[in-house]
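Dear colleague,

Please find below the structure I promised to pass on for your examination. My notes on the metal site and the nonpolar interior follow it.

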Amino acid sequence: MTKHFEIHDGFVAEQNKKSKAWIKEDFDHLARKLERSNVDIENLVAAAQAFRVAVPSWGVGTGGTRFARFPGVGEPRNIFEKLEDCGTIFKLVRSTPAVSLHIPWDRPDSTTELREFAADLGLHFDAMNSNTFQDQPEQELSYRFGSLTHPDPAIRNQAIEHNIECIEIGRALGSRAHTVWIGDGGNFPGQQHFRKALDRYLESMNQIYHALPDDWRLFIEHKFYEPAFYSTVINDWGVSYYCARELGPKAFCLVDLGHHAPNVNIEMIVARLIQFGRLGGFHFNDSKYGDDDLDAGSIKPFQLFLIFNELVDAELGRVPSFDPAYMLDQSHNVTDPLESLMMSASELVRAYVQAHLINRQLLSELQEKSDPLMALATLKQAFTTDVTPILAMARERSGGAIDPIATYRASGYRNHKAEERPSVIGVAVGIV
Ligand code: LRH
Ligand code: MN
C-alpha cells in the first residue's frame, strides 16, 4: 500500500502551542465564572472528553442535490480512503472513534482487512445502514415502487435478504446495530393502500429482526417525505414507535433531525421516546426547509441545545435502558466535508456541555411553581454561556487539536490528498 500523507501527533502539538496561551486564559476566566455558581469546570471537561458521536462514511465525500454535485479535490474513492479521512477527523477532534457504514456503498472485499485497517486508525464501526432506496447494477428486481413494503413478495424478499447481508457484514466488523431507512411510499393518492403497506413493512421487518444477533439493536428511521412526495410508510415517530413495540425489545426509534416537518417540536419527540424506552439513536444534522442535511447546529443551535437538554436530563436522571447511539448524517455540498464534520462534532459537544450547565434543581422548582419566564431564563443562561474553552481543553487533553479547523488547514491535508487521489470522473462515494 503506497505511503499516504497523514497529520502526525507532533504537528498537532506544534499547532496547539500557538493557541495554548489564549485558551488557558479564557479557560481560567470561565472557571472562575462557573465557580460563582458552584460549578466545577473540570466536571464539564470530563463530560466533553467522554462524548462520542459516529461519523457517516458517506459524509466524507462531497454531497450534492438532484440538480448537481460539485466534487472537491482529493475525494475518497473507496472505503479505505473514507476511513483515512474519518481517522483524520478523529485525530483532531477526538470525539469520533466510530464510523457508520452504508451497504453496498461500503461493501468490503475482506471484513478482516477492513476491520484491521480501521483499528490501525483507532476506529471501530457503529450502526450499519442498508440501502433499498436505489437499484444496484447487478440487482435483479427494482425498488422503483418500494422495497420492504412492495406488493410483490419477491421484491420484499430481495430487500429482506439485503438487510440480512448488512447484518452479517456488520457482525464480522464488530458493529452492534442496524439502521433501516426506506423511502417506500406513494406520489399519488390511491397509489398505496396505507394499512396493507404497513402490514407488509412489519412482516418484512420481523424477518430482519429475527436475523439480529442477541446483543444487537435495530433502529427504525422515520421520515415525513422524500423520495415519495404524497405518502411515506414510516413517516413519523408514532408509526416508528408502534413498529418498534410490535417487533420486540431489540427494536428502537432513530431520530434524524431533518426528517420532520418545519417547526415540529423534535425535543418533545425525544422526551417521549426516552419515556417510552425506545430511543435508539440520532442522525444529527440541521435544516431550514426539508431534509437539507446541513451541518449540525448551523441553522437551529437552540433546538440542538433543547434536544441535548432532554438527553442530559435523562442521563443525569439515570433513566433505565437510556443508551442512545449518536451519529452524524449530513451532506456537504459547498464545504470541505472533513471541516464540516469536525465543526458539527464540536457543535454536538458544545450542546452537550451547555446542557450540563443547566441548573436543573432551580429549573424544576420554577416548573413546579409555574414561573415560565425564569424557567426559560435558566435554560438561556446555559445556552448563552460560551463553553469554547472547555471544548478546546477537552480536545487538547485527549491528544487532539485546540483548533481543529486551523490545524487541518495548516497541515495541507486536502492538497496532499488531491495529489494522492487524482479525481476519477463519475466515481460517486455515496449520495448522488
Ligand atoms: C435518508 C437518510 C438515511 C440514510 C440516507 C443516506 O434521508 O437520512 O439515514 O440512509 O439519508
Ligand atoms: Mn439519516
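In this predicted model, the manganese ion (ligand 2) is coordinated by Glu221 through OE, Asp256 through OD, His283 through ND1 and Asp329 through OD, at 2.1 to 2.2 Å. The site has six donor atoms, and the angles among them, 72 to 172°, make it octahedral. Along the sequence, the donor residues follow the spacing E-x34-D-x26-H-x45-D. Two of them, histidine 283 and aspartate 329, link distant parts of the chain, being 46 residues apart. Histidine 283 belongs to strand S10 (residues 279-284), whereas aspartate 329 lies in the loop between strand S11 (325-328) and helix H10 (337-356).

Are these two residues buried or exposed? Histidine 283 has a relative accessible area of 1%, which is under 20%, and therefore counts as buried. Aspartate 329 is buried as well, because its relative accessible area of 9% is also under that limit.

Turning to the nonpolar interior, the largest core comprises 110 residues. Those with the most contacts inside this core are Tyr201, Phe282, Phe284, Phe308, Leu311 and Ile390. Helix H10 supplies the largest share of the core, with ten residues. If neighbours within four places in sequence are set aside, tyrosine 201 is in contact with Leu148, Thr149, Ile182, Ile220, Val233, Ile234 and Cys243. Another core, of nine residues, lies apart from the largest one; among its members are Ala127, Phe219, Leu254 and Met327.

With kind regards

Terms used. Residues are numbered from 1 along each chain as its sequence is written. Chains are lettered from A and ligands numbered from 1 in the order in which they are written. This is a predicted model: local features need pLDDT of at least 70, side-chain atom pairs count only at pLDDT 80 or more; totals for chains, interfaces and linings use all residues. Side-chain values use heavy atoms; hydrogens and water are left out. Donors are N, O and S atoms within 2.8 Å of the metal (3.2 Å for Na, K and Ca); water is not among the atoms, so sites may look incomplete. Four donors count as tetrahedral if all angles lie between 85 and 135 degrees; four count as square planar and six as octahedral if opposite donors are over 155 degrees apart and all others between 65 and 115; anything else is irregular. Helices (H or I, at least four residues) and strands (E, at least two) are DSSP runs, numbered from the N terminus. Buried means under 20% relative accessible area, exposed over 50%, partly exposed in between (1.4 Å probe, protein chains only). A nonpolar core is a set of buried Ala, Val, Leu, Ile, Met, Phe, Trp, Tyr and Cys residues joined through side-chain atoms within 4.5 Å. Contact means heavy atoms within 4.5 Å.
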